[in-house]
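Visitor: Could you take me through one part of this model up close? I'd like to hear about the place where two of the chains meet, and then whatever else helps me find my way around.

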Amino acid sequence: MTSNPVKDRAPHVLVVRDLTVSYRTAAGPVRAVNGVSFALRPGERLGLVGESGSGKTTTALSLMRLLQESAVIEGGQVLLDGVDLLGLSREEMRQARFAQISLIPQGAMNSLNPMMKIGEQLRDTILAHSAGSVSKTDIYARIQKALESVELRGSVANSFPHELSGGMKQRVCIAMGILLNPKVIIADEPTSALDVVVQRQVMETLRRVQESLGAAVILVGHDMGLMAQFADRIGVMYGGKLSELSPVRGIFRDPLHPYTQLLIKSLPNLEMKENFRGIPGLTPSLLKPPPGCMFHPRCPQAMARCSTDIPTLVEMKPDQWVSCLLYDKGQS
Amino acid sequence: MSTTTVSRAKSDGIGSVIRGVFAFLGSNRLFTTGLLLLLGLLLFGLIGSSFIDIKKADLGANPLNRSPSWEYPLGTDGFGRDMVAVMVYAIPNTFRIGFLAGIVGVAIGTLVGLFAGYYKGKADTFFSTFADVMLVIPTLAILITVSAYVRVMTVEIMAMIVGLLSWPLPARVIRSQTLSLRERLFVDVAKLSGASDFEIIITQILPNLTAYLAAAFVGAVSGGILASVGVEVLGLGPQNIPTIGRTLYYAFQRSALFRGMFWWWGPPVVTLAIIFAGLFQMSVSLDKYANPRLKGSQGS
Amino acid sequence: MTTLLEAQNVSRVFGTSLLNKSGTIAVDGVSLVIKEDKPTITAIAGESGSGKTTLARLLLGMIRPSSGEILYRGRSLLGMDRQSRDEFRRQVQAIFQDPYESYNPVYKVDQVLTLPLRKFRLAKSKEEGYAQVEASLRMAGLRPEETLGRYPHQLSGGQRQRIMVARALLLNPRIILADEPVSMVDASLRATILESLVKLKRELGISLVYITHDLTTAYQVSQSIYILYRGSVAEVGSVEKVIKQPKHPYTRLLVSSIPLPDPDVRWGGDRELEVKSSEANTRVTEAQGCKFANRCPFVMPECHHAAPPLYRTDDDRAVACYLYKDSPIVSGAEIATSLAS
């Protein structure tokens, strides 16, 4: 049993090792991501789940090196096909973005330039990442193909963002994300502003598109239902750490970490009315984190050593990793 | 502990604003520099005028045309006025005009802007059109016209006129901010808590406008000083008290420039430069707060 | 049984002016009833553009209907005398969706509790008032010493929303409109807040109108539900029937789009339903006919001629769809009253 979920199996497209990110705040440094490791295979769909303050968005943005000024990547590696993205120069990283690893950001619909036509914005993305010159016909063809793949009519290229509905704009953002055939797509809560019917359609579009591209997807969010429908594997984040990393069925049928268990129990369902099982307590302060395990103040199964020892990610069952002292008999 | 929390909460509207002001000063160097420049100048004037007799600034009180010396650090002008005495009294006067005009303009403008923006409808249309028309009227022209009719032009009259003419600009800014603030959710919550329209305007909306009020005030003060100096330089301002503009008027009348009497036209010009530099610094640094793109006026 | 709050066939149009005769119809002929003696939780569900928020504001008396009336204890809100208006204001309260925007950033969070305390004269003395504030905070699961005296940005979204629940407890109204009260709150806290809302009904006899787009929590929390589509009631009835056995094609579409937290069930599980056009084109205003016609997989010619009335398919359910035209027609007011009793 290794304590690192990154095995040396050849075909991992993305390997994250011990990623640690802090924010400089007026009150002191805040460690938003604390030694996160995971690996992604080509075409795999990983759901990164957590509540506010869990570090899921910071993790996703770190992979793209799109963090705010106040954020510092303190350590770790992000290997995309063997190349450490954290070690690239700024220009090299800029080239890698959208071409190798792309992002569909939160509220993507609002990140479209309202003054430019859709086609122009897509064209700019292509041009920004082409080393040589690309012919006009080539650009046009790629734009049409991208729009088609997200089930939008080619005429959308001639529209302005305000002429499109929310779901259509989101699909344009997906199109932009896949325009350059990246190997990894990070989708940061891509449907949070959309209605439930449109959400389903956009997620199904995203799925079709990534399957045909063979790209891996990291879906960041807090909607467990959405994760159940979309992800192959789920990583549950709490207090800046990965508390559990398992295939989706494992998470829902047989959650190992007490936090995951409580989370699954708290999900509202259509089977039973008035089934309210929230998790008592508050999310941990990252400024003054609790000693030992981040979850122990709220954990119904906390033991004495949970307030002193820090658990690490351990493979309990095949491919099911959990970071909890309940399963860690051997560690000191 | 119990009673203090509730009673602290009662006065937190004003308390929080004051604390906010000091926090603001600490983190905005440019603003504080500008403010200190102005305060320094004002202090010079106020302290100086308590030491120096105003009679020294009278015509003929001293020997004429003396260049700067130990006795007269800024010399005397063509009328025998001790320039130090003149400046020391003129500076507070100028500030008074600017300040009064600023207060009048911003007070009227805020009232109009708040109520027009909150109630909308016909009253708003009327006041907005009225404000737009007034914006086009040149303040200087009105001032000149009025001073031609008034026998004795005082600082107060001038300040009032400038103030009455300068309310449209603050009114527009405050109105547009009120229009957006009235839609905020906390206004709805206050309504549900039984607050009347008037209470909402004064206690919910107004405290969120501090940045705009500050910016509008700085603007109104500079406008006031500019307008009054403009009138004074033409010889139409107050005659019996030392003012910066009138000093320049005399200086030009007596060709101080050609006669090389730099101590006559110099101090007023330098003072004006300092005043406007200070005001400019303050208004530029306020710009990033008064810019509507930013949400809210306080908080991290 | 006295009717506490009633919407009588209300409509609300936005955007009409001298130059623009046709605006958007946000709420189109909706009737809703809440009775006094039977505390109940009624859900109003719909997506964006359904008119649910506008309906909430109409019920709160914050905007006026373009047609129809809102009645409080049988009296129309328009032209109410001062005293009745004050009573209405006191007895009908709300909890809003955004726990940050609900607070004025200039003031400490205390203000949200002390202002209504003062305006409604709920306490005879400062000490009593303070005791009431503390008690209501505790009932909402908060510690007064950790919440009072703080500014909104110093507290978490969950804490702020709980303060809003405390405020509702403090005011002890007859009706609370909760507009998406948990959609901006963390998952682990949602259940707790929803539970406290249900407690309001159970222990204090307060009726709730729960406005949401989340059918799952609507099912958890409410007894009856109104499904709104572009301002009209598509389906209304007991939450058990409407959500477990939806009849209106739109309701079926909604239910089938719910991402169920079960990896082995694809979305809502209703495989039969395939939708023609992907989204509601809100720019096209259907002049006549059913508003859902252009997206409905079961559309018939008559759907384009006139909007369907409500057909009472069950004792406690009505559907506005020609598929059920064999059932008796019922007015919005009738079914609303029946559900409330």
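Guide: Let's start at the interface and then move on to a few spots elsewhere. Keep in mind as we go that this is a predicted model.

Which chains should we look at? Of the 2 pairs of chains in contact, chains A and C share the most contacts, so to speak our main stop. Chain A and chain B, on the other hand, have no contact joining them; their closest C-alpha atoms are 10 Å apart.

Now for the A–C interface itself. Chain A brings 46 residues to the contact and chain C brings 44 residues. Put together, chain A and chain C bury about 3,900 Å², with 51% of it on carbon and sulfur atoms. On the chain A side, the residues that lose the most area to chain C are Gln229(A), Leu270(A) and Phe276(A), which together account for 21% of what that side buries.

There's plenty of polar chemistry to look for here too. Between chain A and chain C you can count 22 residue pairs in polar contact, both residues at pLDDT 80 or more. The rule also finds 4 salt bridges across this interface. One to pull up on screen is Arg253(A) with Asp264(C), whose side chains meet at 2.4 Å, N to O.

As for what chain A builds its side from, helices H5 (166–178), H6 (196–213), H7 (224–230) and H8 (248–253) of chain A each supply at least two of the residues that touch chain C. H6(A) gives the largest share, 9 residues. By residue type, the chain A side divides into 16 nonpolar, 15 polar and 15 charged.

Next, the aromatics. Over all chains the count is 18 aromatic pairs. Tyr229(C) and Tyr250(C) make a tilted one, with 4.5 Å from centre to centre and 55° between the planes. This pair links distant parts of the chain: Tyr229(C) belongs to strand E9 (residues 224–229) of chain C and Tyr250(C) to helix H10 (residues 249–256) of chain C, 21 residues apart. Both Tyr229(C) and Tyr250(C) are buried. Over in chain B, one aromatic cluster is formed by Phe79(B), Tyr249(B), Tyr250(B) and Trp264(B).

While we're in chain B, here's the overall picture. Chain B has 13 helices and 0 strands, and its C-alpha trace spans about 75 × 50 × 30 Å along the principal axes. Of its 300 residues, 46% count as buried. If you take the contacts in chain B between residues at least 6 apart in sequence, 72% of them join residues at least 24 apart.

One last residue to zoom in on is Asn62(B), in the loop between helix H3 (29–51) and helix H4 (83–119) of chain B. Is Asn62(B) buried or exposed? With a relative accessible area of 10%, Asn62(B) falls under the 20% cut-off, so it counts as buried. A polar atom of the Asn62(B) side chain lies 2.9 Å from the backbone oxygen of Gly80(B). Leaving out residues up to four places away in sequence, Asn62(B) touches Lys56(B), Tyr72(B), Thr76(B), Gly80(B), Arg81(B) and Asp82(B).

Conventions
Residues are numbered from 1 along each chain as its sequence is written. Chains are lettered from A and ligands numbered from 1 in the order in which they are written. This is a predicted model: local features need pLDDT of at least 70, side-chain atom pairs count only at pLDDT 80 or more; totals for chains, interfaces and linings use all residues. Side-chain values use heavy atoms; hydrogens and water are left out. Contact means heavy atoms within 4.5 Å. Helices (H or I, at least four residues) and strands (E, at least two) are DSSP runs, numbered from the N terminus. Buried means under 20% relative accessible area, exposed over 50%, partly exposed in between (1.4 Å probe, protein chains only). A polar contact is a pair of N or O atoms within 3.5 Å; within protein, one must be able to donate a hydrogen and the other to accept it, and residues adjacent in sequence count only if both atoms are side-chain atoms. Buried area is the accessible area (1.4 Å probe) that two parts lose on being put together, summed over both. Ala, Val, Leu, Ile, Met, Phe, Trp, Tyr, Cys and Pro count as nonpolar, Asp, Glu, Lys and Arg as charged, and the others, Gly among them, as polar. Rings of Phe, Tyr and Trp (its six-membered ring) pair if their centres lie within 6.5 Å; planes under 30 degrees apart count as stacked, over 60 as edge-to-face and the rest as tilted.
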